[in-house]
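Please work through the exercises below with the sequence and coordinates at hand. Each task is followed by a stepwise solution.

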Amino acid sequence: MIAYIKKDDKQNLKEIIPSEQDLLKITCPKCNCVGRFYLHGFYTRFLYVAILVVNSFLKDKISVRVLRLKCRNCNKTHAVLHHDIIPYNRYSLSFITEVLASFFISKYKVSEICIEFEISEKLFYTFLDYYKKELPELKAYFKGKIQDEEEIFEEFILNITDFLIGFFLRTKRHFFHFKATNTFSKYSICHFHIIFFVSS
Ligand SMILES: [Zn+2]
């Protein structure tokens, strides 16, 4: 899997096609060869996104065309995902951060947030749990200057693109990518074989 990030964030979430120049720079997650990819078709998946309408958010289900690249060296195919798509999660990263912003910044009640975003309370607390599990990374990023989880969230939102690029390159995993476990910790960090490509 290849997560494709553009610094100016002007990417089309519904369909990402790397430029010819970028294709020559992407490393194969399987064999580590550089620039050996060619386009190998698309598949469709659905994603929940939050759309701002006047002053409130609407939950929208969109269809995303995901490009597959094939490596000429090892013949393996890899999906190219917009960085807003968390692998195997039906909710976009920005949907989850908008839910959390309603809680930490706008100070809405959990019941109000669940109505606005059309999610269950259980799912809200799952998202909150994702955030709490990522807090050590956020605290490290802000070099311990802020400790309060609400203030850290505000700083995170203000610096989100830079934070995510640094996070992806440092940890080699996707932010908010967790898998359910059978242990009492409920969710654990998912280390997934993923390459993050930052296009300038
Ligand atoms: Zn390869």
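Four exercises follow, on the chain, its sheet, a helix and a helix pair.

The model is predicted: local features need pLDDT of at least 70, side-chain atom pairs count only at pLDDT 80 or more, and totals for chains, interfaces and linings use all residues. Residues are numbered from 1 along each chain as its sequence is written.

**Exercise 1. Determine the secondary structure content of the chain and compare its radius of gyration with the globule rule.**

Step 1. Helices (H or I, at least four residues) and strands (E, at least two) are DSSP runs, numbered from the N terminus. The chain has 6 helices and 7 strands.

Step 2. Read from the N terminus, the order of elements is β-α-β-β-β-α-α-α-α-α-β-β-β.

Step 3. The radius of gyration is taken over C-alpha atoms, and the globule rule is 2.2 Å times the number of residues to the power 0.38. For 200 residues the rule gives 16 Å; the chain has 18 Å, which is close, so the chain is as compact as a globular protein of that length.

Step 4. The C-alpha trace spans about 50 × 40 × 35 Å along its principal axes.

**Exercise 2. Establish the strand order of the open sheet and the partners of β1.**

Step 1. Two strands pair if DSSP finds at least two bridges between them. On this criterion, 5 strands form an open sheet with mixed pairing, in the order β2-β3-β4-β1-β7.

Step 2. β2 and β7 are the edge strands, each pairing on one side only. From one strand to the next, the twist averages 25 degrees; angles run from 0 to 180 degrees between N-to-C directions, and axes are lines fitted to C-alpha atoms, for helices over the stretch in contact.

Step 3. Strand β1 (residues 2-6) pairs in the parallel sense with β4 (residues 77-82) over 3 bridges, where A3 has L81 as its bridge partner. β1 also runs parallel to β7 (residues 195-199), joined by 5 bridges; there I2 is partnered by I195.

Step 4. The pairing of β3 with β4 is antiparallel, over 4 bridges, and L69 stands opposite H78 in β4.

**Exercise 3. Check the length of helix α2 and decide whether α2 is largely enclosed or exposed.**

Step 1. The expected span of a helix is 1.5 Å times one less than its number of residues. The 12 residues of α2 (residues 93-104) should therefore span 16 Å, and the end C-alpha atoms are 16 Å apart, in agreement.

Step 2. A residue is buried if 20 or more other C-beta atoms lie within 10 Å of its own, with C-beta atoms placed from the backbone. In α2, 10 of the 12 residues are buried, so the helix is largely enclosed by the rest of the structure. Among them are L93, F95, F103 and F104.

Step 3. The buried residues of α2 pack against β2 (37-53), β3 (56-71), α3 (110-117), α4 (121-141) and α5 (149-158).

**Exercise 4. Classify the packing of α2 and α4 by angle and identify the contact residues.**

Step 1. The axes of α2 and α4 are 10 Å apart, at an angle of about 95 degrees.

Step 2. Because angles of 65 to 115 degrees count as roughly perpendicular (under 35 is roughly parallel, over 145 roughly antiparallel, the rest oblique), α2 is roughly perpendicular to α4.

Step 3. Two residues are in contact if their C-beta atoms, placed from the backbone, lie within 7 Å. I96, V99 and L100 of α2 make the contact with F124, F127, L128, Y130 and Y131 of α4.
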